[in-house]
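Welcome, and please have your viewer ready with the selection tool at hand. We will go from stop to stop, with something to select at each one.

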Amino acid sequence: MKLSEKVALVTGGSRGIGLATAKILSENGASVIITAKNPDRLEKGVEKIPNSIGIAADIRKSDEVKNVVNEIIKKFGKLDILVNNAGMFPKIKQLHNIDEDEWNEVLDVNLTGQFRFTKEAIPHLQKTSGSIINISSDAGIKAYQGFNADAYSASKAALILLTKCWALEYSKDKIRINCICPGVVDTDMTKPFLNTQKDKDFMDNEHPIGRIGKPDEIGKAVLYFASDDASWTTGAVLTVDGGESIK
Ligand SMILES: NC(=O)c1ccc[n+]([C@@H]2O[C@H](COP(=O)([O-])OP(=O)(O)OC[C@H]3O[C@@H](n4cnc5c(N)ncnc54)[C@H](OP(=O)(O)O)[C@@H]3O)[C@@H](O)[C@H]2O)c1
């Protein structure tokens, strides 16, 4: 068991990549706390993850984020692992058609949300020499023709650089902070783009390995960073994308 006696918080753990990650961390011995904003989906997620609890929190609300970390400390006495996974994808639009509210919402969830959880978690991770894994995206590494989700790309690119900033800031506390950039993974987020066989074939072909990813393929990379197998790894950015970003 790579994570026995560890306490792990996975934001956005009710479905998709977060749910798969939470399951893998739990199967490897961690006590797992998942968050999401929708309480019904959160409850369903908890039922699928052994040794887990759910705490509802909208990542856009500082007081709710603070409450999650307080509740964890109250119940478990410590925090070892934070997976900054919660995220949203906007409507596809070219930049000149995005209104400011849409832009701000994406940054609020995908970037300021990660800031909120990290800020609350750090004082506890300082005590445990813990670890943070940020879930960014291939879209944070390079531009893709027709992708047209600029706020999303900006939020994910910022998270890559913040991974390196935070890794430097907190290495003296022995907190390791790493980042994963998935390609297209089969989740609710990407379902709208996989409606027809033609869409699916297109997405599969975008990835040199010949298919889109599965949520647990990201979860396994999270497990690596969270475990002692990565004890000398911090500030790293790992693409897990079937080769999409190297084209
Ligand atoms: N799927 C991909 O192809 C892909 C590729 C690259 C990167 N990523 C990144 O991977 C992460 C997970 O993506 P996914 O595909 O698993 O997404 P998903 O299936 O849409 O799940 C998103 C999760 O984030 C939570 N969430 C969204 N907005 C929230 C808010 N305001 N407050 C609290 N929780 C919120 C959702 O909770 P509710 O159920 O309550 O809404 C859900 O648990 C995201 O950061 C995404 O950008 C995904």
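Begin with the lining of the largest cavity, whose residues divide into six nonpolar, one polar and four charged. Keep in mind as you look around that this is a predicted model. To bring the lining up, select Pro90, Lys91, Lys93, Ile98, Glu102, Trp103, Val106, Asn148, Ala149, Asp150 and Ala151. Two elements, α4 and α5, give two or more residues each to this lining. Which element gives the largest share? Colour α4, which supplies three residues. The volume enclosed here is about 80 Å³. How many cavities of 30 Å³ or more does a search of the whole structure find? The search finds one.

**The ligand**

Now select the ligand and show what surrounds it: 31 residues form its surroundings, and the closest are Asn38, Asn85, Tyr152, Val185 and Thr187. Colour that shell by residue class and you should get twelve nonpolar, twelve polar and seven charged residues. For the helices, highlight α1 (16-27) and α5 (150-170), each of which supplies at least two residues of the shell.

Next, zoom in on the oxygen atoms of the ligand. Pick arginine 15: an N or O atom in its side chain is 2.8 Å from a ligand oxygen. Then turn to the backbone of asparagine 85, where an N or O atom lies 2.7 Å from an oxygen atom of the ligand. Glycine 183 also deserves a click, with a backbone N or O atom 3.5 Å from a ligand oxygen. How much of the ligand's accessible area does the protein cover? Of the 890 Å² that the ligand has on its own, 96% is covered.

**The largest pocket**

Hide the ligand for a moment and look at the space it takes, which is the largest pocket. About 1300 Å³ of space lies there. Its lining counts 49 residues; to find the centre, select Gly87, Met88, Phe89, Tyr152 and Met189, which lie nearest to it. Tyr152 may look familiar, as it is also among the closest residues to the ligand.

Which elements should you colour around this pocket? Try α1, β2 (31-36), α4 (100-128), α5 and α6 (197-206), each of which supplies at least two lining residues. By class, the lining splits into 22 nonpolar, 16 polar and eleven charged residues.

**The second largest pocket**

For the next stop, select Lys6, Asp80, Ile81, Thr128, Ser129, Gly130, Ser131, Lys174, Arg176, Ala226, Asp228 and Ser231, the residues that line the second largest pocket. The volume of this pocket is about 150 Å³. Colouring by class again shows two nonpolar, five polar and five charged residues in the lining.

**Two backbone angles**

Keep Lys174 from that selection and check its backbone. Lysine 174 has a positive phi of about 65°, although it is not a glycine. You will find lysine 174 in the loop between α5 and β6 (176-182).

Where is the other residue to check, asparagine 51? Go to the loop between α2 (39-48) and β3 (52-56). Asparagine 51 is not a glycine, yet its phi is positive, at about 55°. Why pause over such angles? Most residues other than glycine have a negative phi, so a positive one is worth a look.

Key. Residues numbered from 1 in each chain as written. Predicted model: local features only at pLDDT ≥ 70, side-chain atom pairs only at ≥ 80, totals over all residues. Heavy atoms only, no water. Near = heavy atom within 4 Å. Polar contact = N/O pair within 3.5 Å; in protein donor to acceptor, adjacent residues only side chain to side chain. Areas by Shrake-Rupley, 256 points an atom, 1.4 Å probe, with all protein chains shown as cover. 1 Å grid on protein atoms, 1.4 Å probe; cavity = no way out; pocket = protein on both sides within 12 Å on 5 of 7 lines; lining within 4 Å. Sits in = over half its atoms within 2 Å of the grid points. Helix = DSSP H or I, 4+ residues; strand = E, 2+ residues; numbered from the N terminus. Nonpolar A, V, L, I, M, F, W, Y, C, P; charged D, E, K, R; others polar. Points joined across faces, edges and corners; volume = space filled by probe spheres on them.
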